[in-house]
Amino acid sequence: MTATERPRLLDSLVERFAETMLPTVHGTLRCVVYREPDGVEHLALVAGEPAGEDVLVRVHSECLTGDVMGSLRCDCRDQLTGGLEAIQRLGRGVLLYLRQEGRGIGLINKIRAYALQEQGLDTVEANLALGFRDDERDYAVAAHMLLSMGLGSVRLITNNPEKIRQLTQHRVKVAGRIPHVIQPNQYNRFYLETKARRSGHFIDFSGKARHRDDTVPLIHL
C-alpha cells in the first residue's frame, strides 16, 4: 500500500499504514497498524471479516509489565489473552491494542504510581498524587479505527463503563457487553476492588462479573 493509497480516516485522527497476516499462539490473525499524526502507533488484530453487525471487539490498552512481563499486579495479560482467544474461537472479531500505557500516564509514571501504592495508596489515589486523573485514556482513536473497518455495531469485551460511554459518544454502537471474569490473586485483589469501588468497573472484589447497574445488554459467549 503506497502513501497515496493509505486511507485517511475520520478527521485525519489516524491513518491505516500497513497490514499483514500474523501467525500467533491464538491462531493466524490479520495485523493492521494505524498511526496518529503525532506518530503514536496502534494495532488491530482481526479474525475473519469483521464488517457488519454485532462484531466481537476487545479494546485493550498497552501494559508492558502485564502483557509482556507477566506482572501479577494487574489483570491486563489475562484480559489480552482472553480477548484474543475469544475472537479466534468465534472466527470473527477485532482486538485493538492501543498505546496507552498505564491508563494513559506512560510507563515511568506507572512505575511511580506503583511505588506510591506500596506506601498504601490505591490506584486512583496514586494517579491523583502524581497530578493525573484516575484514568487518562481516550478512546476516540479506537472508535475511528473500528468505524474504518465498517463495523455497524459491536459486542464489547469489557468491565469498564467508561469505555462503553466513550465509544458510544464517538458513534460506535455497543449492542452488548461480554464481561471479563478473571479470578484475582494475592497481588491484584486490592487493585480489582479499587477498579470496582472507585472507577465503577463491573466487577466485585472477588473478580466476578457484576451484573447490576449495567448500561448495555450483558452477553455470555
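Visitor: Which residue forms a salt bridge with Glu19, and how far apart are the closest N and O atoms?
Guide: Happy to start there, with the reminder that this is a predicted model. Side chains of opposite charge can pair when their charged atoms come close. Here Glu19 pairs in a salt bridge with Arg16, and the closest N and O atoms are 3.0 Å apart.

Visitor: Is Arg16 buried or exposed?
Guide: The cut-off helps here: buried means under 20% relative accessible area. Its partner Glu19 counts as partly exposed because its relative accessibility is 38%. Arg16 has a relative accessible area of 16%, so Arg16 is buried.

Visitor: How many salt bridges does a search of the whole structure find?
Guide: Glu19 and Arg16 form one salt bridge, and the side chains of Arg137 and Asp135 meet in another at 2.7 Å, N to O. A search of the whole structure gives a total of twelve.

Visitor: How many residues apart are Arg198 and Asp122?
Guide: The side chains of Arg198 and Asp122 meet in a salt bridge of 2.9 Å, N to O. Arg198 sits in helix H8 (residues 189-199), while Asp122 is in the loop between helix H4 (107-118) and helix H5 (123-129). The pair therefore links distant parts of the chain, with a separation of 76 residues.

Visitor: Which residue is buried, Arg198 or Asp122?
Guide: Arg198 has a relative accessible area of 35%, so Arg198 is partly exposed. For the other partner the value is 2%, which means that the buried residue is Asp122.

Visitor: Which residues are linked with Asp122 in a network of salt bridges?
Guide: We already have one link, the salt bridge between Asp122 and Arg198. The network also takes in two further names, so alongside Asp122 you will find Glu125, Arg197 and Arg198.

Visitor: Which side chains make a polar contact with the side chain of Ser61?
Guide: Ser61 lies in strand E4 (residues 55-61) and counts as buried because its relative accessibility is 8%. Leaving aside neighbours within four places in sequence, Ser61 is in contact with Asp67, Leu98, Gln100, Arg137 and Tyr139. Polar contacts of 3.5 Å join the side chain of Ser61 to those of Gln100 and Arg137.

Visitor: Why does Arg137 count as buried?
Guide: Arg137 has a polar contact with Ser61 and a salt bridge with Asp135. Asp135 counts as buried because its relative accessibility is 18%. Arg137 counts as buried because its own relative accessibility is 14%.

Visitor: What is the accessible area of the nonpolar patch on the surface?
Guide: Helix H1 (64-68) and H4 each give two or more residues to this patch. Met69, in the loop between H1 and helix H2 (76-90), is exposed because its relative accessible area is 59%. Together, Leu64, Val68, Met69, Leu107 and Ile111 have an accessible area of about 430 Å².

Visitor: Which elements do the buried residues of H7 pack against?
Guide: In helix H7 (residues 161-169), the buried residues are Lys163, Ile164, Gln166 and Leu167. An α-helix has 3.6 residues a turn, so residues three or four places apart point the same way. The buried residues of H7 pack against E4, helix H6 (140-148), strand E6 (154-157) and strand E7 (174-178).

Visitor: Which residue caps the N-terminal end of H7?
Guide: Just after H7, Arg171 takes a positive phi of about 75 degrees. At the N-terminal end, a side-chain oxygen lies 3.0 Å from the backbone nitrogen of Glu162, and the capping residue is Asn160.

Terms used. Residues numbered from 1 in each chain as written. Predicted model: local features only at pLDDT ≥ 70, side-chain atom pairs only at ≥ 80, totals over all residues. Heavy atoms only, no water. Helix = DSSP H or I, 4+ residues; strand = E, 2+ residues; numbered from the N terminus. Buried < 20%, exposed > 50% of the residue type's maximum accessible area, 1.4 Å probe, protein only. Polar contact = N/O pair within 3.5 Å; in protein donor to acceptor, adjacent residues only side chain to side chain. Contact = heavy atoms within 4.5 Å. Salt bridge = Lys/Arg side-chain N within 4 Å of Asp/Glu carboxyl O. Patch = residues over 30% accessible without salt bridge, like charges linked within 9 Å, V, L, I, M, F, W, Y side chains within 5 Å. Areas by Shrake-Rupley, 256 points an atom, 1.4 Å probe, with all protein chains shown as cover.
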